[in-house]
Each structure stands twice: as structure tokens, then as C-alpha cells.
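Please open the model in your viewer and keep the sequence beside it. The tour below moves from the whole chain to a few selections.

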Amino acid sequence: MGDYRQAFLELSLRCDALRFGEFHLKSGRTSPYFFNAGQFNSGAALAGLADCYAEALLESGLGFDMLFGPAYKGIPLATALAIALARRGRDVPVAFNRKEAKTHGEGGTLIGAPLAGRVLVVDDVITAGTAVRESVEIIRAAGARPAGVLIALDRQERGAEGQRSAAREAAESLGVPVVAVARLDDLLGFVADRPALALHRERLLAYRAQYGSLDG
């Protein structure tokens with residue numbers, strides 16, 4: 001496991017963004033774990049998370065010219081990542097959207113830098129993929145090109161359309177790569193190495209056996 005993946009999972013656990021138990025998801029599934037990026041709710045937590053995003057992005061080799069954060073969780077994520085990249089010597093523009101168009105002042109639905117070139121979408125997870133698809137439509141409508149999608153966690157479980165993961169479904173339908181800081185595989189290794197968490201591994205494995213995607 002890459003150092004940034006382990007750092008991400010440790011940070012998620014400390015911030016209570018990663019929890020174990022019994023959670024009823026929107027999909028109707030009952031999951032033995034839950035991830036909520038909203039729990040990264042302090043400056044230090046966001047800085048640590050952004051560092052993990054930055055390392056995953058740089059390791060991927062994905063080419064991009066600017067960042068786009070879908071409302072709402074993508075807004076602080078893209079902003080924090082832009083700061084982390086600037087600290088690494090890469091200053092890139094960042095933009096995000098409003099849920100509803102503003103009818104006064106500057107108006108419109110977009111805030112930040114004009115969408116141009118290769119635009120990387122930054123979000124927390126891909127479930128139904130609705131936010132990502134809307135983001136790609138916004139980017140293309142502006143005459144820019146989606147470069148890919150960067151997320152925190154890939155649950156590696158089947159999406160709505162078959163045996164592929166929700167992340168793979170989005171990647172194939174939109175024609176862009178999806179990069180994740182960590183995946184369920186990493187989480188399984190993480191809990192196996194920690195006696196206090198090892199008891200959750202069997203439930204994670206059972207959940208994956210029932211709902212895991214066939215594309216890894």
C-alpha cells in the first residue's frame with residue numbers, strides 16, 4: 001500500500017470519516033463500513049486529505065490544466081487540492097458550480113477560473129455518478145475537455161447497470177479515467193494489519209463477496 005493510501009485511511013479513521021458498523025445505504029444495501037468526507041471538517045484535516053489527493057494524482061500521471069469541484073463536497077476538496085498542488089510547485093486554476101443559478105451580481109452557475117483546457121473533476125466518491133456526469137456536461141458545454149475524475153474512495157462494488165463498479169461505469173460512459181486515493185482492497189489490507197480493526201475484516205470480505213464488482 002502506498003504511503004499516501006495508508007495516511008488517507010489513518011486520517012479517515014481519526015476524523016471519523018471512516019466508520020465500521022451497520023449502515024443502510026441509498027442503494028438499499030447494508031454495508032459494514034461507511035465513508036463520509038464531510039467529517040474532514042478542520043483546517044488540519046482538509047490539509048492532510050488534500051496531500052493524499054495530491055500524491056495520488058501525481059502518481060497517476062494524469063494530465064490536467066485545472067480543477068473543478070462539483071457542489072457541494074467537491075468545492076472544498078478541489079480548493080484544498082489546489083493549495084496542496086501549489087505547495088508542490090504546481091499552481092493551477094480552480095472552479096466550482098452552484099446548485100442553482102445566481103440571478104444577481106455576476107450571475108450564472110460557475111465560480112472561479114473560466115473552464116478551459118483539460119479539467120479534472122475532484123469529488124469524494126462515485127455512487128450513482130450523477131454529480132460527475134453533470135460536471136462533465138458543464139465542462140464540455142464551456143468548450144473545455146474533461147481530463148478525468150479524482151475521488152477519495154472507490155468502494156469497488158457493483159454499480160446500477162451490471163457487474164462493473166460505479167467508478168468503472170462512470171469512466172466508460174463518460175470516456176474519462178477515474179483515479180481513487182484508496183480502494184476497498186487497500187481498506188482490507190489496512191484493517192488486517194491492525195488488531196483493533198481485524199474483527200471487521202470478515203464482514204468486509206462477506207460484503208465484497210455479495211456486492212463486489214467483477215472489474216476489480
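How many helices and strands are there in the chain? If you colour this predicted model by secondary structure, you will find seven helices and eight strands.

**The whole chain**

Begin with every residue shown, and turn the view along the principal axes, where the C-alpha atoms fill a box of roughly 55 × 40 × 35 Å. A compact globule of 216 residues would have a radius of gyration near 17 Å, and the chain agrees with this because its own value is 17 Å. If you then switch on the surface, the accessible area comes to about 10,300 Å², with 51% of it belonging to carbon and sulfur atoms, while buried residues make up 48% of the 216 residues. Colouring by charge brings out 25 positive and 25 negative side chains, and the centres of these two sets lie 1 Å apart. Of the contacts between residues at least 6 apart in sequence, 70% join residues at least 24 apart.

**Helix α2**

Next, select residues 43-60, which form helix α2. At 1.5 Å a residue its 18 residues should span 26 Å, and the end C-alpha atoms are indeed 26 Å apart, so the expected and the computed spans agree. Show the side chains of Ala45, Leu49, Ala50, Cys52, Tyr53, Ala54, Ala56 and Leu57, which are buried. An α-helix has 3.6 residues a turn, so residues three or four places apart point the same way. To see what covers the buried residues of α2, add its surroundings, which include helices α1 (3-14) and α3 (74-87) together with strands β6 (118-122), β7 (145-154) and β8 (178-183). Just after α2, stop at Gly61, which takes a positive phi of about 75°.

**Leu58, in the helix**

Is Leu58, in helix α2, buried or partly exposed? Leu58 counts as partly exposed, because its relative accessibility is 44%. Leaving out residues up to four places away in sequence, Leu58 touches Leu85 and Arg88; the C-alpha atoms of Leu58 and Leu85, which are 27 residues apart along the chain, are separated by 9.2 Å.

**Ile151, in a strand**

Finally, move to strand β7 and select Ile151, which is buried, with a relative accessible area of 1%. Once residues up to four places away in sequence are set aside, Ile151 touches Tyr53, Asp123, Asp124, Val125, Ile126, Val178, Val179, Ala180 and Val181. One of these contacts, Ile126, is 25 residues from Ile151 along the chain, with a separation of 7.4 Å between their C-alpha atoms.

Methods: Residues numbered from 1 in each chain as written. Predicted model: local features only at pLDDT ≥ 70, side-chain atom pairs only at ≥ 80, totals over all residues. Heavy atoms only, no water. Helix = DSSP H or I, 4+ residues; strand = E, 2+ residues; numbered from the N terminus. Rg over C-alpha atoms; globule rule 2.2 N^0.38 Å. Buried < 20%, exposed > 50% of the residue type's maximum accessible area, 1.4 Å probe, protein only. Contact = heavy atoms within 4.5 Å. Areas by Shrake-Rupley, 256 points an atom, 1.4 Å probe, with all protein chains shown as cover. Lys, Arg positive; Asp, Glu negative; His and termini not counted. Charge placed at Lys NZ, Arg CZ, Asp CG, Glu CD. Expected span 1.5 Å × (residues − 1).
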